[in-house]
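Trainee: I have a model open and would like to walk through it. Can we take it piece by piece?

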Amino acid sequence: MMVTKMLLSVNNLTKSFGDTPVLKEVSLTLARGEKAAIIGRNGAGKTTLFRILTGEMAADGGDVAFPREHKLGYMSQASALTEGNTIHAEMLSVFAPIIELEERLRRTEAEMARSQGDELTALMSKYSKLSQQFEAARGFEYKSRVRGVMRGLALGDETSVQPISTYSGGEKTRISLAKLLLTEPDLLLLDEPTNHLDISATQWLEDFLRAYPHAVMLISHDRYFIDRVCTKVIDIEHGAAKTYNGNYSFAAAKKAKDREIETHHYESQQREIKRQEEVIRKLKSFNREKSVKRAESREKLLAKVERLEKPANLPDSMRMRLNPRRASGIDVLFVRDLRKSFGGDPLFTGISFDIRRGEKVALIGANGIGKTTLARIVHGDIPRDGGSIMLGHGVTVGWYDQEHRNLDPAKTLYDEIYDSFPYLTVTQVRSALGAFMFRGDEVFKRVGELSGGEKGRVSLAKLMLGEANFIIMDEPTNHLDIYSKEVLEQTLRDYTGTVLYISHDRYFINNTADKIVALSPVSAAAYLGNYDYYLSKLAESAPEVESAATQDARGHISSLPAPSSAKTAESPDAKARNRSSDKRVRQLKAELSRVEREIESAEAQIAQYDEALASEEVYTDHVKADEVFTSKSRAEEKLSELYAKWESLQEEAWANA
């Protein structure tokens, strides 16, 4: 029997809530082993789509098809756990049938030790069958898989006796994720899986999913994560879904180019239609039989033109511009030998770094290392235990708190802005809130009724109005969708002041930071560059080892070697393989560049054919129109082949990376 490669097929899916359509004839496919990301603005319908796929919600129309035999795993933001279990016990519950089989093996071994003769022969036969079942179920791997996932997601080890009920919501989300990964379904559905993960745990999850042998579909605003994991992006916008065969960076560039071309074609056609209508009006105004007939002839030709639909407007985005009231001195911040403890336990000691005017500095480090505490000390919210902090001449500080403690939940949005900036007029307050997508009566909503993302937008509005020249931001991209993040990125790049921010969003850091300060309990190491530069400097000083996550996903025992000050000596064969691999990577990059240029050329050629088909010279001559249409069809076939080639090269490049 032939096994189909298709795992999921969605055709013309529709869903409305009341009179509001959320999904409009959404269609998509997913092959076995494929990794796809669902992207779109908050409220676009991404989670609704997931709930329909899992059967939690019924669609209004359309079809969802899976193979008859499939196993689906879904991680929402609130998956069920047994609260009385320890984390280790909860992980082991996934393997209950294997553990029961293992116990039967142990009991059979004990019986064999007490038996002889025919009874022993029968027990040996039974033991052989049980062993085969145990091996087929990968029973020898489950303990190491549990250890690897718990370590990768920073969930401690099997010695912890703390019940799950005592953990925070974010920790429970990580526990749910770990448990789901161990079940190994045919399709993993992950809703914002990197929420509550620090950079280290996120990198582990990336490696795990890249090596995961089955299909993955995830909802995420983490563009760096999508780039590393996914080979397909499904963008939901205005209720419709468009698929891009590539990672996020490819999809974003392709989407921008497609929209530019569609807009150009539409505007060109509209100009031509208006020109023709004006000619028709003029001919009719002559009021002569000959001119009227010519006008009617043109009208008939114009009526046959297939009108292009106007490209849908981009969904509303916040509009943000930061303008310092005045420039600070060159030296903005000096931190020397900073120390902080809680309850006698040191959080960090010996922290020293400087920031100069205009620098955009990302403060990174593991969860719990003290990043937010350090930022709040610099801002003056909490005292330090030792060391010194000095602001430079003319420095005025703006503060963005991820907990939004600077917002009064009892106030309306209007009052929150006006009370902080009483010199603003009613129109100015409304304009400021409108720039962050609060319009009409929304400005009279109470802050306490807002979502986390909405509170973030209010805090950004206050930051924009404050006109500080040194901004400190704690996780500014939390709860922002991809498009709002891009607005914030551009704003920070344009900002002439100085920024110190904490973020786990590596794509955001790459696009905004020109300096990284990596925090540890005993130091703060500075790197003059963005996140990728920071990674490259780490790689120069760290031995190359296969990631633990990759081993875990393959079912191997995961154990990283102890840190070493020097790389292990390579055999001549290993060196030759490495040289060959490096050469292939260079070849792949060159081929990818060539194919991308050919794609651009083919798209430009198709655009020319489209323009020709919209011109009067062609659409009035069916012979020419057929020729152009045939040429366009050939160019589209070639473009499809180029996309397939690009995807194949991209997969090989990732496999060799």
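Trainee: Where does Glu 475 lie?

Mentor: Glu 475 is in the loop between strand 15 (470-474) and helix 15 (482-494). Helices (H or I, at least four residues) and strands (E, at least two) are DSSP runs, numbered from the N terminus. Before going on: this is a predicted model, where local features need pLDDT of at least 70 and side-chain atom pairs count only at pLDDT 80 or more, while totals for chains, interfaces and linings use all residues. Residues are numbered from 1 along each chain as its sequence is written, and side-chain values use heavy atoms, with hydrogens and water left out.

Trainee: Is Glu 475 buried or exposed?

Mentor: Buried, with a relative accessible area of 6%. Buried means under 20% relative accessible area, exposed over 50%, and partly exposed in between (1.4 Å probe, protein chains only).

Trainee: And what is the phi of Glu 475 near?

Mentor: It is near 50°, a positive value in a residue other than glycine. Most residues other than glycine have a negative phi. His 404 also has a positive phi, near 55°. His 404 is in the loop between strand 14 and helix 12 (413-420), and it counts as buried at 9% relative accessibility.

Trainee: Strand 14 again. What is the strand order in the open sheet?

Mentor: The order is 14-15-16-12-17-18, six strands with mixed pairing. Two strands pair if DSSP finds at least two bridges between them.

Trainee: Which strands stand at the edges?

Mentor: Strand 14 (397-400) and strand 18 (523-527) do; each has a single partner strand, so one side of each lacks a neighbour in the sheet. From one strand to the next the twist averages 15°. For angles, axes are lines fitted to C-alpha atoms, for helices over the stretch in contact, and values run from 0 to 180 degrees between N-to-C directions.

Trainee: How many bridges join strand 17 to strand 18?

Mentor: Five, between residues 515-520 of strand 17 and strand 18, and the two run antiparallel. Within that pairing, Ile 516 stands opposite Tyr 527 in strand 18.

Trainee: Tyr 527 is a ring. Which cluster do ring pairs link it into?

Mentor: A cluster with Tyr 224, Tyr 531 and Tyr 534. Rings of Phe, Tyr and Trp (its six-membered ring) pair if their centres lie within 6.5 Å; planes under 30 degrees apart count as stacked, over 60 as edge-to-face and the rest as tilted.

Trainee: How many aromatic pairs by that rule?

Mentor: The count is 13. In one of these, Phe 134 and Phe 140 have ring centres 4.9 Å apart and planes at 85°, so the pair is edge-to-face. Phe 134 counts as buried at 3% relative accessibility, whereas Phe 140 counts as exposed at 63%. Tyr 501 and Phe 508 also pair edge-to-face, with centres 5.2 Å apart and planes at 65°. Both Tyr 501 and Phe 508 are buried.

Trainee: Which ring does the charged end of Arg 457 sit over?

Mentor: The ring of Phe 438, 4.5 Å from its centre. A charge sits over a ring if NZ of Lys or CZ of Arg is within 6 Å of the ring centre and within 35 degrees of the ring normal. The charged end of Lys 340 sits over the ring of Phe 342, 5.2 Å from the centre.

Trainee: Changing topic to helix 1. How many of its residues are buried?

Mentor: Six of eight, so helix 1 is largely enclosed by the rest of the structure. The buried residues include Lys 46 and Phe 50. Gly 55, with a positive phi near 85°, follows helix 1.

Trainee: What does Thr 54 touch?

Mentor: Leu 72, Tyr 74 and Leu 189, not counting residues up to four places away in sequence. Contact means heavy atoms within 4.5 Å. Thr 54 is in the loop between helix 1 (46-53) and strand 4 (61-65), and is partly exposed, with a relative accessible area of 25%.

Trainee: Last one: which residues touch the most other members of the largest nonpolar core?

Mentor: Leu 209, Leu 218, Leu 460 and Met 473, in a core of 96 residues. A nonpolar core is a set of buried Ala, Val, Leu, Ile, Met, Phe, Trp, Tyr and Cys residues joined through side-chain atoms within 4.5 Å. Another core lies apart from it, with 26 residues, among them Phe 353 and Ile 369.
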